[in-house]
Amino acid sequence: MLNIVLFGPPGCGKGTQSAKLIEKYNLVHLSTGDILRSEIANGTALGIEAKKLMDQGILVPDQVVIGMISAKLDANKNANGFIFDGFPRTQAQAAALDNLLKEKGTAITAMLSLDVEYDELVRRILHRGKDSGRPDDQNPTVIGKRVDEYNKKTAPLIDYYKSQNKFHSIKGNGTIDEIFGKLCEVIDNL
Ligand code: ADP
């Protein structure tokens, strides 16, 4: 299996690049942000609770997102592999993901980290917010909080994957196709 963690701060382009990667490598896309937004759209109890946190730019509890990913792994038993987008976001989530994959006799192949400067992130998110309707994309304070959460809780995962020799950094500026080309080059050399 090819199991990729696509990593980086909010607005770095994970969703855009995931869509292209799943097509090229025939993978299943697992985005915890998308799953949470579909819970919100369906008005589930989980969605209602998650929305309160997401609208403030705060991470939802580990056990919630770990449970969601576990269910999705079970629902896609015959997949070629997975792209994890927006997950893991904490050390506890990364450890849980390793355990879930181990139970299935597989593992993370690589973590690909998209590197983008802060000002560019904010610019891209505010631009996306104009059409996406996502409340968390429209308020600079909330965007700042999301980047803070990333720096505090998520960025330390770089060391987690470095210690497993799975970390790869890719410059996330340039055109969508240029960045995609760089990601494919790394994957093809794994
Ligand atoms: P972005 O990466 O652009 O911030 P996402 O769609 O991945 O957007 O996430 C939106 C929000 O959903 C996050 O700010 C957070 O509140 C919640 N969320 C998504 N994935 C996770 C996760 N793995 N752990 C905790 N919270 C999450």
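**Cores and sheet of a predicted model**

The largest nonpolar core holds 28 residues, and those with the most contacts inside it are Val5, Ile69, Leu73, Phe84, Leu97 and Tyr161. Two or more residues each come from strand E1 (2–7), helix H2 (32–41), helix H3 (45–54), helix H4 (62–75), strand E3 (81–85), helix H5 (91–103) and helix H8 (157–163). A second, separate core has 20 residues, including Leu114, Ile170, Ile179 and Leu183.

This is a predicted model: local features need pLDDT of at least 70, side-chain atom pairs count only at pLDDT 80 or more, and totals for chains, interfaces and linings use all residues. Residues are numbered from 1 along each chain as its sequence is written, and side-chain values use heavy atoms, without hydrogens and water.

A nonpolar core is a set of buried Ala, Val, Leu, Ile, Met, Phe, Trp, Tyr and Cys residues joined through side-chain atoms within 4.5 Å. Buried means under 20% relative accessible area (1.4 Å probe, protein chains only), exposed over 50%, partly exposed in between. Helices (H or I, at least four residues) and strands (E, at least two) are DSSP runs, numbered from the N terminus.

Take Tyr161. Beyond its neighbours within four places in sequence, Tyr161 is in contact (heavy atoms within 4.5 Å) with Val5, Pro88, Ala94, Leu97, Ile108, Met111, Lys166 and Phe167.

Now the sheet. Five strands form an open sheet in the order E2-E3-E1-E4-E5, with parallel pairing; two strands pair if DSSP finds at least two bridges between them. Strand E2 (28–31) and strand E5 (167–171) are the edges, each pairing on one side only. E2 and E3 run parallel, joined by four bridges. Val28 has Phe82 in E3 as its bridge partner.
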